Amino acid sequence: MRMLVWFVRFVLFLLLFGFALKNDHVVDLRFFFDRQWPFPLVFIILVAFAVGALMGVTATIASVLRQRREISRLGKQLARAKLAAEQASGDVVRVTGSS
């Protein structure tokens, strides 16, 4: 299984590397007020991908943190319920044992 994963990674790397080699043309990145910066096309695509991935990760952080807080709260609630159940079963044993 590991070999298959590494093979897929290697093929993906080769595809992306070939894509980068084919798109090495310099393009003008135009800003406001007639500002221009020449950049390789593959660099612009890489930056756009990285920004999109970063936005996707930050969009999920809030829900992940909310889920962690909920899991923590439910874990504490379960621990309290187990403690109460143990105490209740201990009280029943003492009451029945003293008869």
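**Entry: the salt bridge**

I started at E70, which counts as partly exposed at 36% relative accessibility. I noted at once that this is a predicted model. Which residue forms a salt bridge with E70? It is R73, and the closest N and O atoms of R73 and E70 are 2.6 Å apart. Side chains of opposite charge can pair when their charged atoms come close. I then looked up where the two residues sit. R73 and E70 both belong to helix α2, which runs over residues 41-97. They are 3 residues apart there, about one turn of the helix. Is R73 buried or partly exposed? R73 is partly exposed, with a relative accessible area of 43%. I also asked how many salt bridges the whole structure holds. The search finds 1.

**Entry: aromatic pairs**

Next I turned to the rings. How many aromatic pairs does the structure hold? I found 4 aromatic pairs. F13 and F17 make a stacked one, with 5.9 Å from centre to centre and 15 degrees between the planes. Planes under 30 degrees apart count as stacked, so 15 degrees fits that label.

Why can these two residues meet? F13 and F17 are 4 residues apart in helix α1 (residues 2-22), so about one helical turn separates them. I checked their exposure too. F13 is exposed, with a relative accessible area of 51%. F17 is partly exposed at 44%. The cut-off explains the two labels: exposed means over 50%, so 51% passes and 44% does not.

I went on to W37 and F39. Their ring centres are 6.1 Å apart and their planes stand at 70 degrees, so I logged this pair as edge-to-face. W37 is partly exposed, at 48% relative accessibility. F39 is partly exposed as well, with a relative accessible area of 23%. Which residues form one aromatic cluster? I listed F31, W37, F39 and F43.

**Entry: around helix α1**

I returned to the start of the chain. R9 lies over the face of W6, 4.8 Å from the ring centre. Then I looked for nonpolar side chains on the surface. A nonpolar patch there includes M1, L4, V5, F7 and V8. F13 and F17, from the stacked pair, are also among its members. What accessible area do the patch residues have together? I noted about 1,300 Å². I picked F7 for a closer look. F7 is found in helix α1, and it is exposed, with a relative accessible area of 52%.

**Entry: the two strands**

I moved on to the strands. In which sense do β1 and β2 pair? Strand β1 (residues 26-30) and strand β2 (residues 36-40) pair in the antiparallel sense, over 5 bridges. I looked up partners across the strands. L29 has W37 in β2 as its bridge partner. R30 stands opposite Q36 in β2. W37 thus links two of my entries, because this bridge partner of L29 also has its ring edge-to-face with F39.

I wanted a reminder of what strands do with their side chains. In a regular strand the side chains alternate between the two faces of the sheet.

P38 lies in strand β2 too. P38 counts as exposed, at 55% relative accessibility. I also checked P38 against H25. They are 13 residues apart along the chain, and their C-alpha atoms are separated by 9.8 Å.

**Entry: the loop between the strands**

Last, I read the hairpin. How many residues lie between the strands β1 and β2? There are 5. F33 is in the loop between β1 and β2. Its phi is near 60 degrees, a positive value in a residue other than glycine. Why did I mark that? Most residues other than glycine have a negative phi. D34 is found in the loop between β1 and β2 as well. Phi of D34 is near 55 degrees, again a positive value in a residue other than glycine.

Are these loop residues buried or exposed? F33 is exposed, with a relative accessible area of 81%. D34 is exposed too, with 78%.

Key:
Residues numbered from 1 in each chain as written. Predicted model: local features only at pLDDT ≥ 70, side-chain atom pairs only at ≥ 80, totals over all residues. Heavy atoms only, no water. Phe/Tyr/Trp six-rings, centres within 6.5 Å; stacked < 30°, edge-to-face > 60°. Buried < 20%, exposed > 50% of the residue type's maximum accessible area, 1.4 Å probe, protein only. Lys NZ or Arg CZ within 6 Å of the ring centre and 35° of its normal. Patch = residues over 30% accessible without salt bridge, like charges linked within 9 Å, V, L, I, M, F, W, Y side chains within 5 Å. Areas by Shrake-Rupley, 256 points an atom, 1.4 Å probe, with all protein chains shown as cover. Salt bridge = Lys/Arg side-chain N within 4 Å of Asp/Glu carboxyl O. Pairing = 2+ DSSP bridges.
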